[in-house]
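Visitor: I'm new to looking at protein structures. Could you walk me through this one?

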Amino acid sequence: YVRFATRIRRNHAIGARLEREALPQALSNKYKDAQVPLKYLYGAIDLTGQMFELATENPQAFADLVKEEINGLTEGLKKDFNRQVYGTNTGILVVAVSGSTTTLVNTGTNALQYMEVGMRVDVIDSDGSTVNNAGVYVTNVNKTTGTVTLSQNLDSSVALSVAVAVNDFLVRAGSLGREITGFSQFIDSTGSVYNIDASTTPVWASSEIAVGGALSEGVMIQLADRIYTDGGDNISAGFCSLGVRRAYFQLLA
């Protein structure tokens, strides 16, 4: 991990005095080490023997094939990293509201935005740690019905060994708990992030407001004010989901 010192308490050696009165007792800022685990994102490509034979007969064609594979993989890595930025290190792609030995169903808005045919995933039990089905494939995604079809084999329908149940979830194969710490994890008013617990270090808790309805300029300003009064200096950027972005555009309209 990478360790960095973060200030968790200001120097409060402050006080009003008259002339020649004793100055406030000297204190100092308080710091605590935050520990950021190192994470690595990998991609792999598959080249056949026939492609290598092509390298000796037509080097340019071989180079074009390899370039296409690498470019496609790089695009996939970028998209997946962007997903991780908004998520948690658990690596959750979608959570089941129901399921079977061949399907996972979640009909929530944008629930299947991260699912694509051909993905290799693990089905994780609702306890958050047990791998019920390892290395299974996504063979179909129906965003209208909110259904993901799963199979033990990419090319044919083979039922899973353990049926999907409520609150089971999918992660990329082998990635459970190994992804980066994203917005959904470190922007939180409770819990521990980077080895600092908000319950024992209250200043580490994020400022949160539950909107509970339509987005409004008032609630956005309220959150900005809360961040300011909680000690934040300036709000330099805002990040949101596509749905929140649409809601914000409606405010501008």
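Visitor: In which loop is Tyr-194 found?

Guide: Before we start, keep in mind that this is a predicted model. Tyr-194 has a phi near 55°, a positive value in a residue other than glycine. As for its place, Tyr-194 sits in the loop between strand 10 (192–193) and strand 11 (196–197).

Visitor: And where does Arg-20 lie, and is it buried or exposed?

Guide: Arg-20 isn't a glycine, yet it has a positive phi of about 70°. You'll find Arg-20 in the loop between strand 1 (2–9) and strand 2 (30–36). Its relative accessible area is 80%, and the cut-off for "exposed" is over 50%. So Arg-20 counts as exposed.

Visitor: Let's step back. How many helices and strands does the chain have, and is it compact or spread out?

Guide: The secondary structure comes to five helices and 11 strands. For 253 residues the globule rule gives 18 Å, but the radius of gyration here is 25 Å, well over that, so the chain is more spread out than a compact globule. The C-alpha atoms fill a box of roughly 90 × 45 × 45 Å along the principal axes. In short: five helices, 11 strands, and a spread-out chain.

Visitor: What share of the residues counts as buried?

Guide: Start from the outside: the chain exposes about 16,700 Å², and carbon and sulfur atoms supply 52% of that. Now for the inside. Of the 253 residues, the share that counts as buried is 21%.

Visitor: Among contacts between residues at least 6 apart in sequence, what share joins residues at least 24 apart?

Guide: Think of this as asking how often the chain touches itself across a long stretch of sequence. Among contacts between residues at least 6 apart, the share that joins residues at least 24 apart is 58%.

Visitor: Which residues touch the most other members of the largest nonpolar core?

Guide: That core has 17 residues. The elements giving two or more residues to it are strand 6 (120–124), strand 7 (131–142) and strand 8 (147–151). The residues touching the most other members are Leu-104, Met-115, Val-121, Val-148, Leu-150 and Leu-170.

Visitor: Leaving aside neighbours within four places in sequence, which residues is Leu-104 in contact with?

Guide: Leu-104 is one of the residues that touch the most other core members. Its contacts, sequence neighbours within four places aside, include Val-94, Val-95, Ala-96, Ser-98, Gly-99, Gly-146 and Thr-147. The rest of the list is Val-148, Leu-150, Val-164, Asp-168 and Leu-170.

Visitor: How many salt bridges are there?

Guide: Side chains of opposite charge can pair when their charged atoms come close. One such pair is Arg-83 with Asp-80, whose closest N and O atoms are 3.0 Å apart. The cut-off is within 4 Å, so that pair qualifies. By this rule the count comes to four salt bridges.

Visitor: How far apart are Arg-83 and Asp-80 along helix 2?

Guide: Both residues are buried: Arg-83 has 6% relative accessibility, and Asp-80 has 7%. They are three residues apart in helix 2 (residues 59–86), so the separation is about one helical turn.

Visitor: Which residues are joined into one network by salt bridges that share partners?

Guide: Asp-80 also meets Arg-172 in a salt bridge, at 2.7 Å from N to O; this pair links strand 9 with helix 2, 92 residues apart. Arg-83 has another partner too, Glu-179, with the closest N and O atoms 2.7 Å apart. That pair links helix 2 to the loop between strand 9 and helix 3, 96 residues apart. Salt bridges that share partners thus join one network: Asp-80, Arg-83, Arg-172 and Glu-179.

Visitor: Is Thr-181 buried or exposed?

Guide: Thr-181 is in the loop between strand 9 (169–172) and helix 3 (183–186). Beyond its neighbours within four places in sequence, it is in contact with Asn-89, Phe-186, Val-193 and Tyr-194. Its relative accessible area is 16%, and the cut-off is under 20%, so Thr-181 is buried.

Visitor: Last one: which helix gives the most to the nonpolar patch on the surface?

Guide: The patch is formed by Met-220, Tyr-248, Phe-249, Leu-251 and Leu-252, with about 460 Å² of accessible area together. Met-220 is in helix 4 (residues 217–229), and it is partly exposed at 35% relative accessible area. The element that gives the most, with four residues, is helix 5 (residues 242–252).

Key:
Residues numbered from 1 in each chain as written. Heavy atoms only, no water. Patch = residues over 30% accessible without salt bridge, like charges linked within 9 Å, V, L, I, M, F, W, Y side chains within 5 Å. Areas by Shrake-Rupley, 256 points an atom, 1.4 Å probe, with all protein chains shown as cover. Salt bridge = Lys/Arg side-chain N within 4 Å of Asp/Glu carboxyl O. Buried < 20%, exposed > 50% of the residue type's maximum accessible area, 1.4 Å probe, protein only. Rg over C-alpha atoms; globule rule 2.2 N^0.38 Å. Contact = heavy atoms within 4.5 Å. Core = buried A, V, L, I, M, F, W, Y, C linked by side-chain atoms within 4.5 Å.
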